[in-house]
Amino acid sequence: MTVPDLTVAIERWPIAGSFTISRGSKTEAVVVTATLSQEGHVGRGECVPYARYGETVEGVAEAIAGLTVAVANGLDRMELQSALAPGAARNALDCAFWDLEAKRSGQRVWEQLGRPVPDGLITAYTLSVGTPQAMAEAAAKAQHRPLLKVKLAGRNETGSDDDRIRAVRAAAPESELIIDANEAWTEQDLPHFLDACAEARVALIEQPLPAGKDALLADMVRPVPVCADESAHDLAGLPELLGRYDAINIKLDKTGGLTEALALADAARDAGLKVMVGCMLASSLAMAPAMVIAADADFVDLDGPLLLDRDRAPGLTFSGSVMAAPPRALWG
C-alpha cells in the first residue's frame with residue numbers, strides 16, 4: 001500500500017458584509033487546508049490560524065508542509081498528536097486523516113466512532129457587536145432563528161453591554177440567547193453585566209473575563225452559566241477550568257483536531273461541564289468535523305458558512321438554522 005501525498009493551500013473566503021467582535025473586524029476568512037491523497041482517495045481538513053493564540057497563516061501553512069516527508073514516511077493520525085502541538089496546523093491535518101480513513105473504509109466518521117449521526121442540528125447564528133440600535137436591528141432580522149449568539153465588547157464608544165443585551169432581547173423576544181464577551185468584561189462590570197444577562201433570560205455566557213483571570217469566577221454566584229472559550233484549549237488544560245466554569249466551548253482549531261476534541265468532550269462531560277461546540281469563521285469543510293461532537297453537545301455554534309458571501313461546493317445544507325449531516329463528498 002502506498003503512503004499518502006500531502007499538499008497545503010491557503011484560501012480566502014469573503015464574508016457577507018463584515019464580522020465584528022471585541023478585538024476588531026474582518027471582511028474575509030483566511031483558511032489553510034491540508035489534503036491527503038492516497039490510491040485514488042482524498043482526505044481534506046481546514047483550519048483557521050488565529051492571531052489571539054500567536055498563529056499566522058504563513059506559519060500554520062509552513063508547519064503542515066513541514067510534515068510532508070514525515071507523512072511520506074508513514075506518519076499516521078495518532079503519531080501526529082505528538083508531532084504537532086495543539087492548534088490550527090494539527091487540526092487541518094488531523095481532520096484530513098479522519099476524512100481519508102472514512103473514504104478508504106467506506107464508513108462515515110461517526111459510524112466508525114459509534115456516535116450519533118450529526119443531522120438536524122440547530123446552530124447558533126452570530127450577531128456582530130455594534131451600537132445597541134444596530135444590534136437590535138440585526139436581532140429583529142434574525143428573530144426567526146431559535147438560537148442567537150450575541151457578540152459583546154464591554155463598554156466602548158458604541159455603547160455598553162447591558163444596553164446591547166436589553167436591545168437584542170427586546171428585538172428577539174423568543175430566541176434563546178448566548179452571550180459572547182470575548183474577554184471584554186472587567187472585574188468591576190462583571191456582576192452588573194451578569195445581572196443584565198439574567199434579566200434577559202440568557203442561556204449561556206462565553207468568556208466574560210480575560211483568560212488568566214478565571215479564578216475570579218470561582219468566588220462568585222453565577223446567575224447564568226458561564227462557558228470557557230479563550231481559556232479552554234485541550235485536554236491538559238481541563239482541570240484548571242473546574243469550579244470556575246459551567247461549560248466549555250470546544251473548537252477544533254484550539255484542540256488541534258477531532259482526535260483531541262473527542263477526548264476533551266468526553267472528559268468535560270465526565271467532570272460535570274456542559275459542552276458547546278464552536279468554530280472560527282470558515283467554510284463548511286471546517287464545520288463538518290466539529291459536527292461529530294455537536295451531535296450530542298448542549299450548544300452548537302457552527303454558523304461559519306452562513307456568515308460567508310459564498311461557501312465551497314459541495315458544502316453543508318442549512319434549513320434556516322438547522323444543519324443536515326455533511327455530504328460524503330465534503331468530509332467524513
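These notes cover a small sheet, two helices and one residue of a predicted model.

1. Sheet. Three strands form an open sheet in the order 4-16-15, and their pairing is antiparallel. Strand 4 (121–122) and strand 15 (318–319) lie at the edges, each pairing on one side only.

2. Contact between strands 4 and 16. Strand 16 covers residues 322–323 and runs antiparallel to strand 4, with 2 bridges joining the two. Within this pairing, I122 is placed opposite V322 of strand 16.

3. Helix 7. This helix takes in residues 161–171, and 8 of its 11 residues are buried, so it is largely enclosed by the rest of the structure. The buried positions are D161, D162, R164, I165, A167, V168, R169 and A171. Charged residues are therefore on the list alongside aliphatic ones, D161 and R164 being among the buried positions.

4. Helix 11, length. The helix runs over residues 258–270, which makes 13 residues; at 1.5 Å a residue the expected span is 18 Å, and the end C-alpha atoms are 18 Å apart, so the two agree. Just after helix 11, G272 adopts a positive phi of about 90°.

5. Helix 11, burial. Its buried residues are L258, T259, E260, A261, L262, L264, A265 and A268.

6. A263. This residue also belongs to helix 11. Is A263 buried, partly exposed or exposed? Its relative accessible area is 31%; because the partly exposed class lies between 20% and 50%, A263 counts as partly exposed. From G212, A263 is 51 residues away in sequence and 23 Å away in space, C-alpha to C-alpha.

Definitions and conventions:
Residues are numbered from 1 along each chain as its sequence is written. This is a predicted model: local features need pLDDT of at least 70, side-chain atom pairs count only at pLDDT 80 or more; totals for chains, interfaces and linings use all residues. Side-chain values use heavy atoms; hydrogens and water are left out. Two strands pair if DSSP finds at least two bridges between them. Helices (H or I, at least four residues) and strands (E, at least two) are DSSP runs, numbered from the N terminus. The expected span of a helix is 1.5 Å times one less than its number of residues. Buried means under 20% relative accessible area, exposed over 50%, partly exposed in between (1.4 Å probe, protein chains only).
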